[in-house]
Amino acid sequence: MTTAVPTVRLNNGVDIPQLGFGVFQIRPRDTVEAVSAALQIGYRHIDTAEMYGNEKEVGQAIARSGIDRSEVFVTSKLNNNNHTFDQALRAFDQTLTALDMEQIDLFIIHWPLPTVSNFVERWKALERVYGEGRARSIGVSNFEDHHLQRLLAETEIVPAVNQIEVHPYFAQNDLLAFDAEHGIATEAWAPLVQGAVLDDQTVLDLAQAYGKTAAQVVLRWHLQRGSIVFPKSVTPARIRENFEIFDFELSDADMKRISALDRNGRTGPEPDTFDYVPS
Ligand code: NAD
């Protein structure tokens, strides 16, 4: 029997499974196998990006799974080298071609890019493909509140999601509150701090108390905060473990114990200075 993963209703009425499978740093040659394993276990939400170089393999795994395309929620992201409106439209076409799909469920701007500083122009390209029905929803990633304020002031469509670094060491309380206040769902990337939170003593103590693993406890903390998560792994046993988080609930007191680990511990780039543009 497949576990029913709860969904989050986005601000345009589209439902997204709250738990997905992320494929950052999965080599293209390992991607079909990893995504196939995830689909087999029951995941119905895959998070990829043009920058990850494995969109094609994600599409292949979904096509080969025999699962109806409409049952799998697929996200990809606009890479940082597509600055103009036309480049963004072209990049979107390339993503659909790589995935071999006619429509994507969610397409997002990967980074705001302070030097280029034209995410409004890029957003207008996403509004276009949304209007054409080729993206069922559109969103942003690594946007701070001031980036979002600008989009809200200068464009038509409120992003459906903001995909940002969030985990027990970097809880992002203010940005989560800002997103919620504006009807924007938060997607938490690096939900397990790429594994670094899994030997934290507080987390290990809770894992023992609940009879679950450290990863399951941390993922549960994210779900109970309302965030959407898509942990990455290439190990089938871990992919399964990360899926088995719907049979227990953390108490309010234990949620607070995990939240108290917050230490402004960003591990990834800082959105206000990160300017990486692939050649
Ligand atoms: P993550 O926190 O999901 O950590 C993944 C790592 O944790 C794995 O490589 C593995 O070492 C370990 N791990 C996973 N499950 C485990 C388990 N059950 N037991 C023990 N160890 C386990 O980090 P991530 O991959 O960086 O983030 C998740 C997804 O978020 C990515 O795959 C990608 O889709 C997305 N992401 C987006 C951005 C962005 O800028 N938008 C940036 C990074 C990641």
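Helices are DSSP runs of at least four residues, numbered from the N terminus. With that convention in hand, the reader may turn to the ligand and its surroundings in this structure, which is a predicted model.

Helix α9, which spans residues 236–243, supplies the largest share of the shell around the ligand, namely 3 residues. The shell as a whole consists of 26 residues. Among these, D47, S141, L192, Q194 and N242 are the closest to the ligand. Sorted by class, the shell contains 13 nonpolar residues, 8 polar ones and 5 that are charged.

Several polar contacts can be followed from the ligand into the protein. One of them involves a side chain: an N or O atom in the side chain of H110 lies 3.5 Å from an oxygen atom of the ligand. Others involve the backbone. In V193, a backbone N or O atom is found 3.3 Å from a ligand oxygen atom. In G195, a polar backbone atom is 3.5 Å from an oxygen atom of the ligand. How much of the ligand's accessible area does the protein cover? On its own the ligand has 830 Å² of accessible area, and the protein covers 90% of this.

The next step is to consider the space that holds the ligand. The ligand sits in the largest pocket, and this pocket contains about 770 Å³ of space. Its lining is made up of 34 residues. Those nearest the centre of the pocket are F24, Q25, A190, Q194 and K232. Q194 is thus named twice, as one of the residues closest to the ligand and as one of those nearest the pocket centre. Helix α9 likewise returns here, giving the most to the pocket lining with 3 residues. By class, the lining comprises 16 nonpolar, 13 polar and 5 charged residues.

Apart from the pocket, the enclosed spaces deserve attention. How many cavities of 30 Å³ or more does the structure hold? There is 1 such cavity. The largest cavity has about 40 Å³ of space. Its lining is formed by N142, F143, E144, I164, E165, Q172, L175, W189, R266, P269 and P271. These lining residues divide into 6 that are nonpolar, 2 that are polar and 3 that are charged.

Definitions and conventions: Residues numbered from 1 in each chain as written. Predicted model: local features only at pLDDT ≥ 70, side-chain atom pairs only at ≥ 80, totals over all residues. Heavy atoms only, no water. Near = heavy atom within 4 Å. Polar contact = N/O pair within 3.5 Å; in protein donor to acceptor, adjacent residues only side chain to side chain. Areas by Shrake-Rupley, 256 points an atom, 1.4 Å probe, with all protein chains shown as cover. 1 Å grid on protein atoms, 1.4 Å probe; cavity = no way out; pocket = protein on both sides within 12 Å on 5 of 7 lines; lining within 4 Å. Sits in = over half its atoms within 2 Å of the grid points. Helix = DSSP H or I, 4+ residues; strand = E, 2+ residues; numbered from the N terminus. Nonpolar A, V, L, I, M, F, W, Y, C, P; charged D, E, K, R; others polar. Points joined across faces, edges and corners; volume = space filled by probe spheres on them.
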